[in-house]
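Got the viewer open? Grab your mouse and follow along, one selection at a time.

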Amino acid sequence: FDISLDFYSLDHVDTQLGGSFAYRYHWQQNHIAVGYNKRYLQSSFVTDRFDSEETAFSSFTRLIDLGRNKTLSPEIILARTRESDFLSRRVTQRASFGLNYRRYSLRETNFWQETRLGFRLSKIDVEDFDNHWGKRASLMQTMRLGRNYRAFFRTNYARLSTSSLESGVLKGGGHESAGDQIDFTFYGLRFGDLFGHEIWTTRLQLSANLFRPYSAGGGMIPFYLKEVDLVLGVDAAYSDFAFVPGAGDFGRGRFYTNRLLTSQHAGLSFNATLFYNVPTIMDFLYVRVMEPGTQSVVNQEWIFTLQAPLF
């Protein structure tokens with residue numbers, strides 16, 4: 001079982017309660033999951049209310065062992081989503097077929113540590129709007145550059161076949177934190193600042209280990225700190241529409257269409273264990289977003305991310 005409860009506050013104007021529930025059953029090489037989640041989102045250009053997204057889903061995945069540390073996982077996903085945002089209110093039913101490939105190394109000394117490649121094709125039916133198809137692809141690669149140095153690369157692409165934003169839209173920006181999964185992450189923008197029928201994001205990140213304290217803290221919250229890394233990276237994104245806070249006249253923000261955006265980040269990453277068996281990664285990062293064309297810095301901020309899946 002996975003259960004989470006999330007509290008959303010909008011500058012004392014609005015408060016909402018969301019969360020998620022998922023049940024997963026594993027039998028031999030088969031994996032079945034059913035779940036429900038509800039979340040509220042706020043972009044940088046709609047500040048007086050939340051966008052909402054409510055989804056019920058079920059999935060079936062088959063794990064196929066290809067030998068030599070390689071696996072192939074076909075999957076079928078059925079989902080029903082009720083969305084409300086600045087574009088429209090819509091109810092969507094989605095049937096998807098996906099194929100995921102993974103290759104991993106059993107030796108920590110190997111240069112290529114892990115490769116993940118995924119494809120997904122979806123038939124999307126929208127009540128009172130145009131039905132359409134969706135497709136997406138993803139690639140993730142981790143590399144070991146030396147005893148204390150690693151590289152991480154990830155890219156995601158998706159496209160919808162509809163010509164109307166009201167019938168369906170892809171969104172990106174923001175970062176994953178506390179189990180909130182985002183496919184099209186981009187440091188320096190909020191989720192929803194990137195949107196359209198086509199979206200692409202990529203990240204290249206280098207890390208250098210500073211020290212391995214292997215220290216433990218007891219008390220009410222057992223905490224075991226394993227590694228502290230210096231992190232440097234760059235993000236790039238392309239979408240039909242993008243809103244960049246701090247750009248434009250008087251720094252009020254500006255919309256861009258079909259432009260390549262970039263941001264840079266640097267900071268510290270803490271690899272730890274909570275409650276004796278919960279892997280936890282905490283990042284403290286300084287981020288700056290570059291204006292398309294001039295490459296001048298238009299937005300700067302400090303962000304904190306927490307990834308701690310509870311099983």
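Start by selecting Val 46, in the loop between E3 and strand E4 (51-62). The E labels are strands: DSSP runs of E with at least two residues, numbered from the N terminus, while helices are runs of H or I with at least four residues. Val 46 has a relative accessible area of 12%, so it is buried. Here buried means under 20% relative accessible area, exposed means over 50%, and partly exposed is in between, using a 1.4 Å probe and protein chains only. Now add Asp 85 to your selection: Val 46 and Asp 85 are 39 residues apart in sequence, and their C-alpha atoms are 9.4 Å apart in space.

Before going further, a word on what you're looking at: this is a predicted model, where local features need pLDDT of at least 70 and side-chain atom pairs count only at pLDDT 80 or more, while totals for chains, interfaces and linings use all residues. Residues are numbered from 1 along each chain as its sequence is written, and side-chain values use heavy atoms, with hydrogens and water left out.

**Next stop: Asp 51**

Select Asp 51, which is found in strand E4. Is Asp 51 buried or exposed? Its relative accessible area is 6%, so Asp 51 is buried. Show what touches it: setting aside residues up to four places away in sequence, Asp 51 is in contact with Arg 39, Tyr 40, Leu 41, Ser 84, Asp 85, Phe 86 and Lys 171. Contact means heavy atoms within 4.5 Å. You've met Asp 85 already, as the residue 9.4 Å from Val 46, C-alpha to C-alpha.

**Two loop residues with positive phi**

Jump to Gln 28, in the loop between strand E2 (14-27) and strand E3 (30-41). Its phi is near 55°, a positive value in a residue other than glycine. Gln 28 is exposed, with a relative accessible area of 62%.

Then pick Asn 69, in the loop between strand E5 (64-65) and E6. Phi of Asn 69 is near 65°, again positive in a residue other than glycine. Asn 69 counts as partly exposed, at 26% relative accessibility.

**A run of paired strands**

Highlight strand E6 (residues 70-84) and strand E7 (residues 89-104), an antiparallel pair with 15 bridges. Strands count as paired if DSSP finds at least two bridges between them. A hairpin of four residues joins E6 to E7. For one facing couple, select Ile 76, which stands opposite Phe 97 in E7.

Keep Phe 97 lit and bring in strand E8 (residues 112-126), which pairs with E7 in the antiparallel sense over 13 bridges. Which residue in E8 does Phe 97 stand opposite? That's Leu 121.

Leu 121 leads you to Gly 134, since Leu 121 is one of the residues Gly 134 contacts, along with Arg 120, Ser 122, Ile 124, Arg 159 and Leu 160, leaving aside neighbours within four places in sequence. Gly 134 sits in strand E9 (residues 132-146). At 7% relative accessibility, Gly 134 is buried. Measure across to Ser 96 in your viewer: Gly 134 and Ser 96 are 38 residues apart in sequence and 8.8 Å apart in space, C-alpha to C-alpha.

**Further along the chain**

Select strand E12 (residues 194-211) and strand E14 (residues 223-244), which pair in the antiparallel sense over 14 bridges. In this pair, Ala 208 stands opposite Leu 230 in E14. E14 also pairs with strand E15 (residues 254-274), antiparallel over 20 bridges. There, Val 244 has Arg 254 in E15 as its bridge partner.

**The cavity**

Select Arg 154, Thr 155, Asn 156, Asp 183, Thr 185, Thr 201, Thr 202 and Arg 203, the lining of the largest cavity. Strand E10 (149-160) and E12 are the elements that give two or more residues to that lining. A cavity is a set of points on a 1 Å grid over the protein atoms alone where a 1.4 Å probe fits but cannot get out, and lining residues have an atom within 4 Å of a point. The lining divides into no nonpolar, five polar and three charged residues. Nonpolar covers Ala, Val, Leu, Ile, Met, Phe, Trp, Tyr, Cys and Pro, charged covers Asp, Glu, Lys and Arg, and the others, Gly among them, are polar.

**Zoom out**

Now colour everything by secondary structure: the protein has zero helices and 17 strands. Of its 311 residues, 44% count as buried.

Notes:
1 Å grid on protein atoms, 1.4 Å probe; cavity = no way out; pocket = protein on both sides within 12 Å on 5 of 7 lines; lining within 4 Å.
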